[in-house]
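Work through the exercises below on charged side-chain pairs. Each task is followed by a worked solution.

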Amino acid sequence: ADTGGVDKMAVTLYVHLNEEQNCNFNVKQFNEDISTKYPGTKMEVSNSARNYDICWENYSKQYQFELRMDRNRCTFAIEYFNSDDELYEFARFIAWLRSYFDRDKNVILLYETDCTQLDLSCDRTIDDIRIWLEETFG
């Protein structure tokens, strides 16, 4: 399918909580929230997936994304993201995902290809993230 040149965000970025296990993550609450914030999101649970067992997908007119979460509930993998105001909306999406981990925890944003990372401390703004995305993807 022709994506009209927006393929540059078909990369994997990780929002990662630096811990072994995250017992505080509430999947049910997150499902409700993502459905409200991004209407039309479909969720799929895979019992056979080794690491990332939950997948959320949205291919609506306004947003398109693929998001996975690992079994330990410490890592979101954003495998694709596209929207009209791409970088800003992508940054907003990342900041929103970050809000599901405790404020005082060490969370990083990691780009798979060259291991570039950004510390997502609780005082990071959407603009900080957007600037990092701009620098990373140029």
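The exercises concern salt bridges in this predicted model.

**Exercise 1.** State how many salt bridges a search of the whole structure finds.

Solution. The search covers the whole structure and returns 8 salt bridges.

**Exercise 2.** Determine which parts of the chain the salt bridge between Arg71 and Asp53 ties together.

Solution. Step one is the distance: the closest N and O atoms of Arg71 and Asp53 are 3.5 Å apart, and the cut-off is 4 Å. Step two is the location: Arg71 sits in the loop between strand E4 (63-70) and strand E5 (75-83), while Asp53 belongs to strand E3 (residues 52-59), so the pair connects parts that are 18 residues apart in sequence. Step three is the accessibility: Arg71 is partly exposed at 35%, whereas Asp53, at 7%, is under the 20% limit and therefore buried. Step four is the wider context: Asp53 and Arg71 are linked with Arg73 in a network of salt bridges.

**Exercise 3.** Place the salt bridges Arg92–Glu89 and Asp127–Arg130 in their helices, and classify each residue by accessibility.

Solution. Begin with Arg92 and Glu89, whose N to O distance is 3.2 Å. Both residues lie in helix H2 (residues 86-98), 3 residues apart, or about one turn of the helix. Arg92 has a relative accessible area of 29% and is partly exposed; Glu89, with 13%, is buried.

Next, Asp127 and Arg130 meet at 3.1 Å, N to O. Helix H3 (residues 126-137) holds both, 3 residues apart, about one turn of the helix. Asp127 is partly exposed at 38%, and Arg130 is partly exposed at 22%.

Conventions:
Residues numbered from 1 in each chain as written. Predicted model: local features only at pLDDT ≥ 70, side-chain atom pairs only at ≥ 80, totals over all residues. Heavy atoms only, no water. Salt bridge = Lys/Arg side-chain N within 4 Å of Asp/Glu carboxyl O. Helix = DSSP H or I, 4+ residues; strand = E, 2+ residues; numbered from the N terminus. Buried < 20%, exposed > 50% of the residue type's maximum accessible area, 1.4 Å probe, protein only.
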